[in-house]
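I opened this model to look up its aromatic pairs, its charged side chains and a few residues of interest. My notes follow in the order I took them.

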Amino acid sequence: MSDHEVLETFKKDLQNYSLEQLQYISAEGVWSIGQMYDHLIVVANEYLDYMEACALAKEEQTLGKTEFGENLYKLGGFPPIKIKLPTELNSPPNNSASREELTNRLDQVIERMREWEMKVDGINPNYKVKHGGFGWLNAREWYDLVGMHSRHHLRQKDELEQKLKKVVK
């Protein structure tokens with residue numbers, strides 16, 4: 001499944017939720033499905049912005065990834081564990097977006113990915129932008145990170161859907 005196909009799957013599944021289901025929070029500290037979608041979209045746009053910054057770079061960067069970053073790319077994705085961000089990076093995502101708003105925002109991300117899909121490999125791999133946890137990533141790596149991050153949240157989506165089935169009809 002290509003990176004934007006993962007997002008297409010999220011988009012298709014989004015049509016199955018009512019507003020009440022999108023906004024349902026099962027417990028304190030647990031996101032709603034709508035918040036997970038908001039997070040997915042915000043982060044995808046952030047990663048694509050960094051990819052575009054690599055495309056505009058003028059100086060090569062000789063530094064590489066951190067050990068965690070190297071392992072992430074060797075695995076081709078995040079390990080199947082829950083990742084808790086530090087408190088300062090972990091403000092709760094928006095929980096007020098409608099299905100239509102989320103669908104439109106997902107469409108914009110998918111379109112951005114399609115636009116760059118054929119161009120990303122033409123960007124000098126030594127033009128990089130630093131990721132706080134993974135080190136220096138080039139445009140291809142930022143692009144791939146969108147898909148890795150999205151696939152990582154498929155597991156979370158399944159968990160949230162199971163909680164939803166028990167409560168909200």
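**Entry 1: F68 and its partner**

I began with F68, which is partly exposed at 43% relative accessibility. A reminder to myself before going further: this is a predicted model. The ring of F68 pairs with that of F134. I read 5.5 Å between the centres and 20° between the planes, and the pair is stacked. F134 is buried, with a relative accessibility of 6%. Where do the two residues of this pair sit in the chain? I found F68 in helix α4, residues 67-75, and F134 in the loop between β1 and β2. They are 66 residues apart, and the pair links distant parts of the chain.

**Entry 2: the other rings**

How many aromatic pairs are there by this rule? I counted six. Another one of them is F10 with Y37, which is edge-to-face. The centres of F10 and Y37 are 5.6 Å apart and the planes make an angle of 90°. F10 belongs to helix α1 (residues 3-14) and Y37 to helix α3 (residues 33-56), so this pair ties together parts that lie 27 residues apart in sequence. I checked accessibility too: F10 is buried at 0%, and Y37 is buried at 0% as well. F10 and Y37 also join Y17 in one aromatic cluster.

**Entry 3: charges over rings**

Next I looked for charged ends placed over rings. K157 has its charged end over the ring of F10, 6.0 Å from the ring centre. K119 does likewise over the ring of W116, at 4.5 Å from the centre.

**Entry 4: salt bridges**

How many salt bridges does a search of the whole structure find? It gave me eleven. I wrote down three of the pairs.

- D13 and K12 meet through their side chains at 3.5 Å, N to O. D13 is buried, with a relative accessible area of 12%, whereas K12 is exposed at 56%.
- R112 bridges to E52, with the closest N and O atoms 3.1 Å apart. R112 is in helix α5 and E52 in helix α3, so the bridge ties together parts 60 residues apart in sequence. R112 counts as buried at 16%, while E52 is partly exposed at 26%.
- D121 and R140 meet at 2.9 Å, N to O. This pair links distant parts of the chain, with D121 in the loop between α5 and β1 and R140 in helix α6 (residues 139-167), 19 residues apart. D121 is exposed at 55% relative accessibility, and R140 is partly exposed at 25%.

I also noted a network of salt bridges that links K12, D13, K157 and E161. K157 is a familiar name here, as its charged end sits over the ring of F10.

**Entry 5: two residues of helix α5**

I stayed with R112 a little longer. Apart from residues up to four places away in sequence, R112 touches N45, L48, D49 and E52. The last of these, E52, is its salt-bridge partner.

L102 lies in helix α5 too, which covers residues 99-117. Is L102 buried or exposed? I found it buried, with a relative accessible area of 0%. Leaving out its neighbours within four places, L102 is in contact with L14, L22, G34, Y37, D38, I41 and A97. I took the C-alpha separation of L102 and I41: 8.3 Å, for residues 61 apart along the chain. Y37, in the same contact list, is the ring that pairs with F10.

**Entry 6: a lysine without a salt bridge**

My last stop was K128, in strand β1 (residues 128-131). K128 is buried yet has no salt bridge. Which side chain of opposite charge is nearest to K128? I found E141, at 6.1 Å. A salt bridge needs the nitrogen and oxygen within 4 Å, so that distance does not qualify. What does the side chain of K128 reach instead? I traced it to the backbone oxygen of L63, at 2.8 Å. Beyond its neighbours within four places in sequence, K128 is in contact with C54, Q61, T62, L63, G64, W136, L137 and N138. L63 thus turns up in my notes both as a contact of K128 and as the owner of that backbone oxygen.

Methods. Residues are numbered from 1 along each chain as its sequence is written. This is a predicted model: local features need pLDDT of at least 70, side-chain atom pairs count only at pLDDT 80 or more; totals for chains, interfaces and linings use all residues. Side-chain values use heavy atoms; hydrogens and water are left out. Helices (H or I, at least four residues) and strands (E, at least two) are DSSP runs, numbered from the N terminus. Buried means under 20% relative accessible area, exposed over 50%, partly exposed in between (1.4 Å probe, protein chains only). Lys and Arg count as positive and Asp and Glu as negative; His and the chain ends are not counted. A polar contact is a pair of N or O atoms within 3.5 Å; within protein, one must be able to donate a hydrogen and the other to accept it, and residues adjacent in sequence count only if both atoms are side-chain atoms. Contact means heavy atoms within 4.5 Å. Rings of Phe, Tyr and Trp (its six-membered ring) pair if their centres lie within 6.5 Å; planes under 30 degrees apart count as stacked, over 60 as edge-to-face and the rest as tilted. A charge sits over a ring if NZ of Lys or CZ of Arg is within 6 Å of the ring centre and within 35 degrees of the ring normal.
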